[in-house]
Structures are given as structure tokens and as C-alpha cells.
Amino acid sequence: MATLLYLVHGAAVQQQQQLSYSVLSALKHGVDGVDLVLICDAANRRPDLPLRHVVISPEQIAQWTDGGRRPARAQLHALDLALRETGGPVCWVSTDSAFTAAPARLLERITPETPLFYDRDGWLTSRPEWSPIIDACKDTALSEQIHPSTEVFDKGILGFSPSDLDFINQSLSPSFWPRIPNSVDNFEQIYLCALLAQNAQELRFSHDLVQRYQGYMRHVYQGRLEAMFPPGGAVNTALAAQLPAITEPPKPLHLRLKAKAYALRRGLGNGTEFGYLAYLCAFAAPTPEGRNVWANIALDMMERSARAPQKLVKDLSMLAPEALPDAELSPQTEERWRRYWMNAGL
């Protein structure tokens, strides 16, 4: 039987909420012929969900993650364990994923030497945070595989058949690792992408069958999940058929017009204009959940804005440092804004 695999460990309140929605979305579309497995520590067991549990010890997690220094490695170790135990195809699914089709369709795409990813994710040279990987592999035995034009894939969905275990083992082998700075915790996944790009018969993708929370929509999802799945509450799986789709909250026309006019007067770029619109939507939202969602989206935009912080603090006066105590945000959202202003020197 093919296996759909989740991994949750440590302090994982948000991951557990995401897991609830992901599993319900799978049930909504049908899980015939699919074994749903959760690898977790004892604290993260979910008896309320139809999952087969594989419980691992804190010592095992520490070994998988190099004492917490390389948390992304746990994904590959979990896949390795599941492939060896099941002897069939296994698809690791990030908890921040919602199925838009039956999981069996996802697993059908996994065949020997044909692994499955979520989507393409650019090239190593496309992101500044990956430049240390390029530098570390230069003039080493890995330079033919890892270089600026190495393609990278989104590993939120990662599926293998047992015949592909050697690729995972190679990526996890210390003998292959160059000197990578501690700031880089996903070298193994990058190396795995390079190995598969060169050696797999075919690479397949799953973005047409699964939706991941990406970009500012992750705040929309998380806001809705916090309302749908309070921490510690049991999930009623009988309601899976009625699971609502999570969509972007409405942006009232009068606020869009106001943001457009403000942007034209102030010369704001598109991203900053959208951030200002999110700011307006936050204080027009009818619920605390909506206010926090839009306030987080606004901050995402401002973190990438080229506009001077001294001007932004005037643009967003109700989220200025001195106004935050009265903004009625969640403690997490307020703290995020406070750190932003402090880092900007305000």
C-alpha cells in the first residue's frame, strides 16, 4: 500500500492545526488505498485523526537533526524510515498542504527513479541565502552537481519509491558534506535536488493536486486554522466532507480606491501599495482574526518595501510603535511589528 507521510515533533501548535486541515482535506477527497502515517514524538500523537502512528524518541529526533542544528534533515530521515518499513512508495507531505484531489492520484505519480516534488523552485543563484552553498561547493568534488545554475525544487511534497533510497542516503552522508555555514540548514535537500536532476529518469510535480500555504496567503490560512482548530481540541473527522476552502478575504472596493489614491500621491510601489491596502483592511476587519491576518500581510509587504521607515511609520500610524498597545493585535502579531520597528531604528 502507498503511504502518505507526515512528520511533527517538538513545540508544534501551528503544525498541529495545519495537520488537522491537511488530513481532513485528504479525507474529503477520499483515501482509499492510502495509508496515512504520522511520525512524531509522544507529545504530538493525534488519536483523533485516522493516522497510523510511528512514535520516535527525543534522542532519535536529536540524531536526525544533528542536535537541532539541521532541522530540515528530519524530513529525509523520516522518508528513509518509512520507505524501509513499508516497502512501497512514500510521499512526505508538509503539514501546510491542503489536498485538492484524492491523495492516491499523488502517489500514482511515484515510480522507480521518478520522484515527486511539489513544484520547481528556481536556481541556486536566484536567492541570496543560498550563495553560501555555492561558495562552499566551489572547487570541490560537488562542484559539478552544485553550482549557480543548479535547479532547486519545492520539497513541501517529496515522494520516492524504495529503489530511490540510495539518493536519500547519499544526501545524508557526512562524507559528501562540504564546510557549510551554520546559517544554512537545508544543504542535504539542495544536494538531493542536484542528485535527482542528474540521475532520475524523470521528475514529476504535484502542484495541480495539492495547495500549499505560500506567500502572504499563509497568514490567511493560519488565521482560519486558529479559529477552526483551537489548541487541544479534538477534530470531528465526520465533518471532512464539509471542510471549507480557505480563500483570500475580501478587499472592499472603497479601501482599494483609497489605497490606490494614496499610492499615487506618495509614489508608492506596487508592493508597498498592497501593504497599505492590507493595513486599511486590518482596521476595517470585523473580527480579531481578520485584523491579525491583514496586519501580518501588511508587515510582509513592508519588510520588502524600499520606502524609508520614517515615512512608513507615518503611512501606518495605527501600527506605529507608540500605537501598537491600542491596536488590539494578538501578542504574536504585535511582537512581530515591534521587532520590525526596532530593527528599522524606530
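This is a short tour of a predicted model, stop by stop, with something to select at each one.

**Stop 1: helix α13**

Start by selecting residues 331-343, which make up helix α13. How far apart are its end C-alpha atoms? They lie 18 Å apart, and this agrees with the 18 Å that 13 residues should span at 1.5 Å a residue.

Now colour the buried residues of α13: Thr333, Glu334, Arg336, Trp337, Tyr340 and Trp341. These residues cover an arc of only 160° around the axis, so they sit on the same side of α13. Turn the view to the other side of the helix, and you will find Pro331, Gln332, Met342 and Asn343 exposed.

What covers the buried residues of α13? Select α8 (217-228), α11 (288-303) and α12 (309-315), which are among the elements that do so. Before leaving, step just past the end of α13 to Gly345, where phi is positive, at about 80°.

**Stop 2: the second largest pocket**

Keep α13 selected, and add α1, α8 and α11. These four elements, α1, α8, α11 and α13, each give two or more residues to the lining of the second largest pocket. Its volume is about 540 Å³. To centre your view there, pick Gln14, His219, Gln222, Glu226 and Asn296, which are the closest to the pocket's centre of the 20 residues that line it.

Which element gives the most to this lining? The answer is α8, with six residues. Colour the lining of the second largest pocket by class and you will get four nonpolar, ten polar and six charged residues.

**Stop 3: Tyr216**

Next, select Tyr216, in the loop between β9 (210-212) and α8. Is Tyr216 buried, partly exposed or exposed? Its relative accessible area is 23%, so Tyr216 counts as partly exposed.

Show the residues that Tyr216 touches, leaving aside those up to four places away in sequence: Glu248, Phe274, Ile297, Asp300 and Met301. You can also draw a line from the C-alpha of Tyr216 to that of Ala298. The two are 82 residues apart in sequence, and the line is 8.9 Å long.

**Stop 4: the largest pocket**

Now move to the largest pocket, which holds about 940 Å³ of space. Select Trp92, Ser94, Asp96, Gly156 and Arg212 to find its middle; of the 31 lining residues, these are the closest to the centre.

Then add the elements that give two or more residues to the lining of the largest pocket: α1 (13-29), α3 (73-86), β4 (90-93), β6 (116-123) and β7 (151-160). Among these, β7 gives the most, with five residues. By class, the lining of the largest pocket has twelve nonpolar, eleven polar and eight charged residues.

**Stop 5: the cavity**

Rolling a probe the size of a water molecule over the atoms shows where empty space is left. How many cavities of 30 Å³ or more does the structure hold? It holds one, and the volume of this largest cavity is about 50 Å³.

To see what surrounds the largest cavity, select Thr3, Val37, Ile39, Arg52, Val54, Leu81, Ala82, Glu85 and Thr86, which line it. The elements giving two or more residues here are β2 (34-40), β3 (52-55) and α3. With four residues, α3 gives the most to the lining of the largest cavity. That lining divides into five nonpolar, two polar and two charged residues.

**Stop 6: two positive phi angles**

Most residues other than glycine have a negative phi. Two glutamates make a good last stop.

Select Glu113 first, in the loop between α4 (103-108) and β6. Its phi is near 60°, a positive value in a residue other than glycine. Glu113 has a relative accessible area of 33%, so this residue is partly exposed.

Then go to Glu328, in the loop between α12 and α13. Glu328 is not a glycine, yet its phi is positive, at about 55°. Is Glu328 buried or exposed? At 61% relative accessibility, Glu328 counts as exposed. From here you can follow the chain on to α13, where the tour began.

Key. Residues numbered from 1 in each chain as written. Predicted model: local features only at pLDDT ≥ 70, side-chain atom pairs only at ≥ 80, totals over all residues. Heavy atoms only, no water. Expected span 1.5 Å × (residues − 1). Buried < 20%, exposed > 50% of the residue type's maximum accessible area, 1.4 Å probe, protein only. Arc of directions from axis to C-beta. Contact = heavy atoms within 4.5 Å. 1 Å grid on protein atoms, 1.4 Å probe; cavity = no way out; pocket = protein on both sides within 12 Å on 5 of 7 lines; lining within 4 Å. Points joined across faces, edges and corners; volume = space filled by probe spheres on them. Nonpolar A, V, L, I, M, F, W, Y, C, P; charged D, E, K, R; others polar.
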